[in-house]
Every structure is written in structure tokens, then in C-alpha cells.
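Trainee: I am new to this structure and would like a close look at one part of it. Please take me through its paired side chains, with enough of the surroundings for me to find my way.

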Amino acid sequence: MTHAAFALYAVYSRRRLKMSIGEALQLILGFAAPILLVSHVLGTRAAMQLYGTEDTYAYVLLALWVDNPMGGLQQAAATIILWVHACIGLYYWLRLKPWFMRILPWLYGVALLVPVLGLLGFVFAGRAVERLAAEDPGFRLDLAIDNNGAGSCRRLPISTSSKAGYSWVWAAAIALTLLARALRLYLESREGVVRITYPEGRIVSVPPGMTILEASQLNDIPHAAVCGGRGRCSTCRVRVNGPHRQPPGPG
């Protein structure tokens, strides 16, 4: 929830939604992850809290691999989406470090092997549970008894209505964030303007509080920024003109 809140704030604080492909992909995958994970969270943690179910590997594998293969595919997709989302974030965070590019080829191998090995483990374990369920008629009943498995009549409300409600809440949170962002931009536009003159003589006017990089991006003016606008590089060069009074410190 904390991570999701930071993602919503990142969208709210942006003055322009146009971004690089990597940043857009990271944002889209991050917003898709909670929808894909809600079924797993409700079927494990929520079931444990409500019905005392023990969500062991065998119990979850029986549900995802045997009883609901589409749910298993959804969780596999969630694994890949979350991993790619995390790798993009780590890349944008560490790419300015001098040592990062030296070990990048090795990190590519790690980034590929971790999800592949994880999914292979899921496949082999799922097939093992499927074989046990087929060979031993009492396997399913014993597993339900040992894990205090909730009956399907009680699990259905968790996996359907709760998932749908959560999805609507998440969609509403995104919509409200975009609405709040539009309202903030409108209020900022009424506070006056700051004039910025570029070397080629072009002058743009922007609301107070906007960074030079944001002003350039908003007006489609090329502006080198290795950090992607996060203030972590030194490619921005600015000359402050105007009255000779002490300007405020860097923000």
C-alpha cells in the first residue's frame, strides 16, 4: 500500500505525463501489479485471517495449478510484471553510479535467471501436486483437513466480490489522482508566471515552482537530463537573470 501510494504521488507531482518508454512501462506495470496480486492476497492472507486457513505451498499449488489454472497463469504473469517493474526502477536508480555499467552484463543474467528459475519451480511443484492428487484420492481431503481449508461456498465471496471491489477502489484512486493533478496545475497557473529565455532566444512562461527541466519538457524543448528529472545529475546549466537580489537556494 505504501508503494502504491508513492506511485500515485509520482503521477500527481508530474507536470507533464509525456515520458520515456522505460518510465511509462514502469508506471503502467506498477499500476497493473495490485490488480494481479489481489486474488493471491485474498486467497492466502485474507483466508487465513477469516477462516484460519494455513496457506502451505501444497495447498496453494493445488488451488493455482489443479483447481484454477487461469489463476496460476495470472500469478505467473504477476511475477514477471513485478520483476520487470523492479528491474526498471533499479536501473534508473543505479545507472549513474560509476560501477553500475561495469557489472551490468552480470546483472542482466541475474535479471533473467531469477524469474525463470522461480517459474520453473512453480511448474515442477505444481506437476508434483497434480500427480499426488490424481494418484491418491484422499490427498485433497487430507490437505484440506490439515490446512483447515475453507469450503468453496465461503471462499467464493473472497475471490469474486472482494476482488471486484478492490479493482474499483484502485481505479478510483488513479482517477482521483489525475483529477487532483489537473486541479493543482490549474491553481498553479493562476499564481503568475516565470519567464525563461533559452539560448536560441525562445522565451517561455511557466508557473512558479516549476523546474527548468519541467519547463523544457512541457514546451517540447530538448534538454539533456540523464537523471530523468529527478535532480541526480549535473547536465542542467542555468543562468539566472533579473534584479540583483539574493536568489533562493536550490530546491
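Mentor: Happy to! Helices (H or I, at least four residues) and strands (E, at least two) are DSSP runs, numbered from the N terminus. By that count the protein chain has nine helices and two strands. Read from the N terminus, the order is α-α-α-α-α-α-α-α-β-β-α, so eight helices come before the two strands and one helix follows them. The model is predicted, so local features need pLDDT of at least 70 and side-chain atom pairs pLDDT 80 or more, while totals for chains, interfaces and linings use all residues. Numbering starts from 1 along each chain as its sequence is written, and side-chain values use heavy atoms, with hydrogens and water left out.

Let's set the scene with burial. The protein chain has 251 residues, and 25% of them count as buried (under 20% relative accessible area, with exposed over 50% and partly exposed in between; 1.4 Å probe, protein chains only). Contacts (heavy atoms within 4.5 Å) tell you about the fold as well. Of those in the protein chain between residues at least 6 apart in sequence, 64% join residues at least 24 apart.

Now to the charged pairs. The structure holds two salt bridges (a side-chain nitrogen of Lys or Arg within 4 Å of a carboxyl oxygen of Asp or Glu). One of them joins Arg 140 to Asp 67, with 2.9 Å between the closest N and O atoms. This pair connects distant parts of the chain: Arg 140 belongs to helix 6 (residues 139-146) and Asp 67 to helix 3 (residues 57-67), with their positions 73 residues apart in sequence. Arg 140 counts as partly exposed because its relative accessibility is 36%. Asp 67 is also in the partly exposed class, because its value is 41%.

The salt bridge between Glu 188 and Arg 184 has its closest N and O atoms 3.1 Å apart. Here the partners share an element: both sit in helix 8 (residues 161-189), four residues apart, which is about one turn of the helix. Glu 188 and Arg 184 are both buried. Take another look at Arg 184, which also lies over the face of Tyr 12, at 4.9 Å from the ring centre (the rule asks for NZ of Lys or CZ of Arg within 6 Å of that centre and within 35 degrees of the ring normal). Arg 184 therefore appears both in a salt bridge and over a ring.

That ring brings us to the aromatic residues. A pair of aromatic rings is described by the distance of the centres and the angle of the planes. There are six aromatic pairs in the structure (rings of Phe, Tyr and Trp, its six-membered ring, with centres within 6.5 Å; planes under 30 degrees apart are stacked, over 60 edge-to-face, the rest tilted). Among them is the edge-to-face pair of Tyr 91 and Tyr 92, with 5.9 Å from centre to centre and 70° between the planes. These two sequence neighbours fall into separate burial classes: Tyr 91 is partly exposed because its relative accessible area is 30%, whereas Tyr 92 is buried because its value is 14%. Trp 99 and Phe 100 also make an edge-to-face pair, this one with 6.3 Å between centres and 75° between planes. Trp 99 is partly exposed, at 37%, and Phe 100 is buried, at 4%. Tyr 91, Tyr 92, Trp 99 and Phe 100 together form one aromatic cluster.

For the surroundings, go to helix 2 (residues 21-51), where Pro 34 is located. Pro 34 counts as buried because its relative accessible area is 14%. Leaving out residues up to four places away in sequence, Pro 34 touches Tyr 166 and Trp 170. Between Pro 34 and Ser 167 there are 8.4 Å in space, C-alpha to C-alpha, although the two are 133 residues apart in sequence.

Gln 75, in helix 4 (residues 69-94), makes a good last stop. Its side of the story is also one of burial: at 11% relative accessibility, Gln 75 counts as buried. With residues up to four places away in sequence set aside, the contacts of Gln 75 are Leu 36, Leu 37, Ser 39, His 40 and Leu 64.
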